[in-house]
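Colleague: Could you take me through one part of this model up close? I'd like to start with the chain as a whole and then settle on a single helix.

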Amino acid sequence: MGNISIIMLIRSSPQLHIPMYLFLCHLAFVDIGYSSSVTPVMLTGFLKKGTSISVAGCTTQLGSVVTFGTAECFLLAVMAYDRYVAICSPLYYPTHMSHRICILLVGMSYLGGCVNAWTFTGCLLSLSFCGPNKINHFFCDYSPLLKLSCFHDFTSEIIPAISSGSIIVVTVVIIVLSYVYILFSILKMCSTEGRQKAFSTCSSHLTAVILFYGTITFIYVMPKSSYSTEQNKVVSVFYTVVIPMLNPLIYSLRNKEVKEAMRKLMARIYWWS
């Protein structure tokens, strides 16, 4: 009962929600960043049945998508660690998740995104293109650009895959370990209400993690020969447009007022039908 009361106290203190809101703000900014890098060009291409973009613009677009996408990987891992500290070590939460540490973690997330983007853009600039430079895609993703090049060595394909794969593995390990410890802590709770609140705290984040990591693993880690360009396009739309739209809804459903509004809306739709 002592552990449960401590967790309830930590969760009820507005001051201790600041790190969570800080991470959510940056997650929203990252979602807006890489969705805005892709969606305008995609809509222009749909309306005009094709659009043109300069090499510099293509490189910038790829760098922006990779930067923000990688930053989201690190932010999701940081948010998992934040939940681990809040549930498993609540008394140490103000120390382990101080404002200075939170800012440092957010800064490292953006730095990791920039470094990963540098590997992609560096390999892209080393490629040579000849013939009709038309890609069967709605934005400058690395995979279709690699297929378009008239010659590329093995390193141009393997370096971005290793870089992205390493980031995915490291962040996934952090997330999995955090939730393993969280699960053990939840199972030790005697109160059903405490368990429900702990699961509610983690459910939205786990949903976002599964959606995001599932799609980027398919695109950037699996061998390019294992899927077609059309499959690539569908999955790319999902993680660049759909997931940024879903994330606010996923995290908002934890709010009681939002849940009540959704319940009333569904009741009205059912009544009208």
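Modeller: Sure, one term to begin with: buried means under 20% relative accessible area, exposed means over 50%, and partly exposed is in between, with a 1.4 Å probe and protein chains only. By that rule, buried residues make up 43% of the 273 residues in the protein chain. Keep in mind that this is a predicted model, where local features need pLDDT of at least 70, side-chain atom pairs count only at pLDDT 80 or more, and totals for chains, interfaces and linings use all residues. Residues are numbered from 1 along each chain as its sequence is written, and side-chain values use heavy atoms, leaving out hydrogens and water.

The protein chain has 10 helices and 0 strands, where helices are DSSP runs of H or I with at least four residues, strands are E runs of at least two, and numbering goes from the N terminus.

Now zoom in on α5, which covers residues 99-125. Its 27 residues should span 39 Å at 1.5 Å a residue, and the end C-alpha atoms are indeed 39 Å apart, so the two agree; the expected span is 1.5 Å times one less than the number of residues.

Which residues of α5 are buried? Among them are Cys 102, Val 106, Ser 109, Gly 113, Asn 116, Phe 120 and Leu 124. In general, an α-helix has 3.6 residues a turn, so residues three or four places apart point the same way.

An unreviewed UniProt entry annotates several stretches as "transmembrane region", including residues 102-129; such annotations may be inferred rather than shown by experiment, and positions follow the numbering used here, with feature names shortened. Over residues 102-129 the chain is 86% helix and 0% strand, with end C-alpha atoms 43 Å apart.
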